[in-house]
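Dear colleague,

I am handing over the structure below for your consideration. My notes on its pockets and surface follow it.

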Amino acid sequence: MNIFRLVGDMLHLAAIFILLAKMLKQRSAAGISLKTQFLYALVFTTRYLDLLTRYVSLYNTVMKIFFLATSWHICYLMRSKSPWKATYDRENDTFRIRYLIIPCVVLALIFHRESIHELQEVFWTFSEYLEAVAVLPQIFLLEYTERYDALTSHYLFALGAYRLFYVFNWIYRYATDGTVLWVSVVAGVLQTVLYVDFFYHYLKQVVRRAKQKYDLAN
């Protein structure tokens, strides 16, 4: 494992911990898109089917189980458990995710690697395509409500940075051993591009808050 993948994994972990900390500390799901969380749960479920057939390493197994468990747990809290169910902004979380899922299914059926485990490969490819666009409901919710609270913003920043470092990981792997998974590269670049507008708003927030603290200090 190279440093870019390790940093990416740590940023991904940080994003989940930030989101869970926000929900548990504030006892609220305000500003969080359940549709994005469901899409991520679907991503991990279809990607990690190899947990049943292949062992890579303890690190790999623990990370997969962590992402599966936390993603479905977040969905459970927001859908069924008070007070998160009551504070979830259902009225504004209206992105029609079928327009994301169906094209990803079609693309995965057409464009996937040849393998003796072809069905599993289709599910993995589907998860790569879906992860690229899974954040869209969350971004649309933030843009619509303009509720850029600090912890939700930090969560999205960590998610975007995780994908950016995975792009660096693929570049490094191609440069060192010629390995390249074009599905992952294209999906990762697309996902990073989708974060550009959010990164702009995030940096504006950071600068504004730093300026406010400076003004108060003086």
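By class, the residues that line the largest pocket comprise twelve nonpolar, ten polar and eleven charged. Please note that this is a predicted model.

The largest pocket encloses about 960 Å³ of space. Its lining is formed by 33 residues, and those nearest the centre of the pocket are Arg5, Arg54, Asn60, Lys64 and Trp124. Five helices each contribute at least two residues to this lining: H1 (3–26), H2 (34–47), H3 (58–80), H6 (118–133) and H8 (150–177). Of these, H8 gives the most, with six residues.

The second largest pocket has a volume of about 150 Å³. Leu34, Lys35, Phe38, Trp72, Cys75, Arg79, Tyr88, Arg90 and Ile97 line this second pocket. Helices H2 and H3 are the elements that supply two or more residues to that lining. By class, the lining of the second largest pocket holds six nonpolar and three charged residues, with no polar ones. Helices H2 and H3 also each supply at least two residues to the lining of the largest pocket.

On the surface, a nonpolar patch of about 630 Å² is made by Ile102, Val105, Val106, Leu107, Leu109, Ile110 and Phe111. One of these residues, Ile102, belongs to helix H5, which covers residues 98–110.

With kind regards

Definitions and conventions: Residues are numbered from 1 along each chain as its sequence is written. This is a predicted model: local features need pLDDT of at least 70, side-chain atom pairs count only at pLDDT 80 or more; totals for chains, interfaces and linings use all residues. Side-chain values use heavy atoms; hydrogens and water are left out. Patches are made of residues with over 30% relative accessible area and no salt bridge: like charges are joined within 9 Å, nonpolar side chains (Val, Leu, Ile, Met, Phe, Trp, Tyr) within 5 Å. Accessible areas come from the Shrake-Rupley method with a 1.4 Å probe; for residues, only the protein chains shown count as cover. A salt bridge is a side-chain nitrogen of Lys or Arg within 4 Å of a carboxyl oxygen of Asp or Glu. Helices (H or I, at least four residues) and strands (E, at least two) are DSSP runs, numbered from the N terminus. On a 1 Å grid over the protein atoms alone, a cavity is a set of points where a 1.4 Å probe fits but cannot get out, and a pocket is an open set with protein on both sides within 12 Å along at least five of seven lines; lining residues have an atom within 4 Å of a point. Grid points are joined across faces, edges and corners, and a volume is the space filled by probe spheres set on the points. Ala, Val, Leu, Ile, Met, Phe, Trp, Tyr, Cys and Pro count as nonpolar, Asp, Glu, Lys and Arg as charged, and the others, Gly among them, as polar.
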